[in-house]
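Let's work through a few exercises together, one small step at a time. Have a look at the sequence and the structure first, then try each task before reading its solution.

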Amino acid sequence: MKTKTSVADAGNLIITGVALMVLGDLLFALNDAMGKWLVASFAVGQVLVIRSVGAFVVLGPMILRQGPMALFRVEQKGLQFMRVAMATGDVALFYAAVAYLPLADVMTFYMAGPIYIAALSHFFLGEKIGWRRWLAVLLGFAGVVIALRPSTAMLSLPSLFGLAGSFAFALSLVMSRYLRSTSDTTLVTWQTIAALVTGIVLSIGHWQPAATIDWSGMLLLGVVATCAHLLITRSLKLAPASLLAPLQYTLLLWAIVLGYIFFNDIPDTQLIIGAAIIVFAGLFIFHRKNLKETVPSEAVPPDGH
């Protein structure tokens, strides 16, 4: 009876983890749509400033519970600084790109994050990658090129913002794996402070008066983004990462739906094909890694992960 109860409890935790991941992804998609709406009327720097203030509505109690001095007791300060820089660049570049491109376009670039991570992990984390995963990485890059619509337009500044932002996002995640002993509160707090400082610098000479609904939207942006991060962090503690990771691709679905509802953006065929290739390559990478980690090595072709 106890065994059955334990199995049931474990199953409930996994279901809860999946639900939290899906909800967290939805909140991130809402955050992205809200950000696109706001940067259409306000400078990226101004949005970053108020968004960061809103984030501290959620982070404040967590910092007090952890103890403010714990923020300064961190490992590998140089790497912490680099991670904060990449995380800040990720957010700023995302808003800069989404101000000019449809939400689904920018999100497609960001869906290549797991592919970048697979390649970066080989060089920076010492994770062995076999030819099958490398083939999937190359296929994913091909999907990015297709989504960029090969032409002179693919070198447009907003597209480059999206590409650079997605790469910064991948680098920040790789660094987070190095710094996994640092608490989530500390990691998120420092990147929020960095976003606040960056926003102040970028908003000099570009600050504009706003209506109450606009100020509220910017504050809500920070609250929603922080809640989404916390939901996803909690989900990873309740369910296996191999089960949850593919659910990240629901962000692309939400981006298409919200882009159509709020901005009347309809993805073209080329973007859909590129996105499908990226998702397929990312799912294959997750599959190979999960297969290698959960199946006896003698049962898996010896080509690394």
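Below are five exercises, each with a worked solution.

This is a predicted model, in which local features need pLDDT of at least 70 and side-chain atom pairs count only at pLDDT 80 or more, while totals for chains, interfaces and linings use all residues. Residues are numbered from 1 along each chain as its sequence is written, and side-chain values use heavy atoms, with hydrogens and water left out.

**Exercise 1. The overall picture**

Find how many helices and strands the protein has, and what share of its residues is buried.

Step 1. Helices (H or I, at least four residues) and strands (E, at least two) are DSSP runs, numbered from the N terminus. The protein has twelve helices and zero strands. Along the sequence, the pattern reads α-α-α-α-α-α-α-α-α-α-α-α.

Step 2. Buried means under 20% relative accessible area, exposed over 50%, and partly exposed in between (1.4 Å probe, protein chains only). Of the 305 residues in the protein, 46% are buried.

Step 3. Now turn to contacts, which means heavy atoms within 4.5 Å. Among the contacts in the protein with a separation of 6 or more, 86% are between residues 24 or more positions apart.

**Exercise 2. Helix H6**

Compare the span of helix H6 (residues 131-147) with the expected one, and work out where its buried residues lie.

Step 1. The expected span of a helix is 1.5 Å times one less than its number of residues. For the 17 residues of H6 this gives 24 Å, and the end C-alpha atoms are 24 Å apart, so the two agree.

Step 2. Arg133, Ala136, Val137, Gly140, Gly143, Val144 and Ala147 are the buried residues to mark in H6. Viewed down the axis of H6, they fall within an arc of 115°, so they line one face of the helix. The arc is that of the directions from the helix axis to the C-beta atoms.

Step 3. Trp131, Leu135 and Leu138 are exposed, on the other side of H6. A handy rule for such patterns: an α-helix has 3.6 residues a turn, so residues three or four places apart point the same way.

**Exercise 3. Helix H11 and the residue after it**

Decide which residues of H11 are buried, and whether Asn264 is buried or exposed.

Step 1. H11 has 14 residues and reaches 19 Å from its first C-alpha to its last, close to the 20 Å expected.

Step 2. In H11, Leu251, Leu252, Ala255, Leu258 and Gly259 are buried. They fall within an arc of 130° seen down the axis of H11, so they line one face of the helix. Leu253 and Ile261 are exposed on the other side of H11.

Step 3. Asn264 lies in the loop between H11 and helix H12 (269-294). At 58% relative accessibility, Asn264 counts as exposed. Its phi is positive, about 55°, although Asn264 is not a glycine. Most residues other than glycine have a negative phi.

Step 4. Asn264 and Pro102 are 162 residues apart in sequence, but 9.3 Å apart in space, C-alpha to C-alpha.

**Exercise 4. How H4 meets H11**

Work out how helix H4 (residues 103-110) and helix H11 (residues 250-263) are oriented, and which residues make the contact.

Step 1. The axes of H4 and H11 come within 8 Å and cross at roughly 170°. Axes are lines fitted to C-alpha atoms, for helices over the stretch in contact, and angles run from 0 to 180 degrees between N-to-C directions.

Step 2. That angle makes H4 roughly antiparallel to H11, since angles under 35 degrees count as roughly parallel, over 145 as roughly antiparallel, 65 to 115 as roughly perpendicular and the rest as oblique.

Step 3. H4 contributes Leu103, Ala104, Met107 and Thr108 to the contact, and H11 contributes Leu251, Leu252, Ala255, Ile256, Leu258 and Gly259.

**Exercise 5. Thr108 in its surroundings**

Find how buried Thr108 is and what it is in contact with.

Step 1. Thr108 lies in helix H4, where eight of the eight residues are buried. Thr108 has a relative accessible area of 1%, so it counts as buried.

Step 2. Leaving aside neighbours within four places in sequence, Thr108 is in contact with Ala147, Leu252, Leu271, Ala275 and Ile278.

Step 3. The C-alpha atoms of Thr108 and Val144 are separated by 7.7 Å, with their positions 36 residues apart along the chain.
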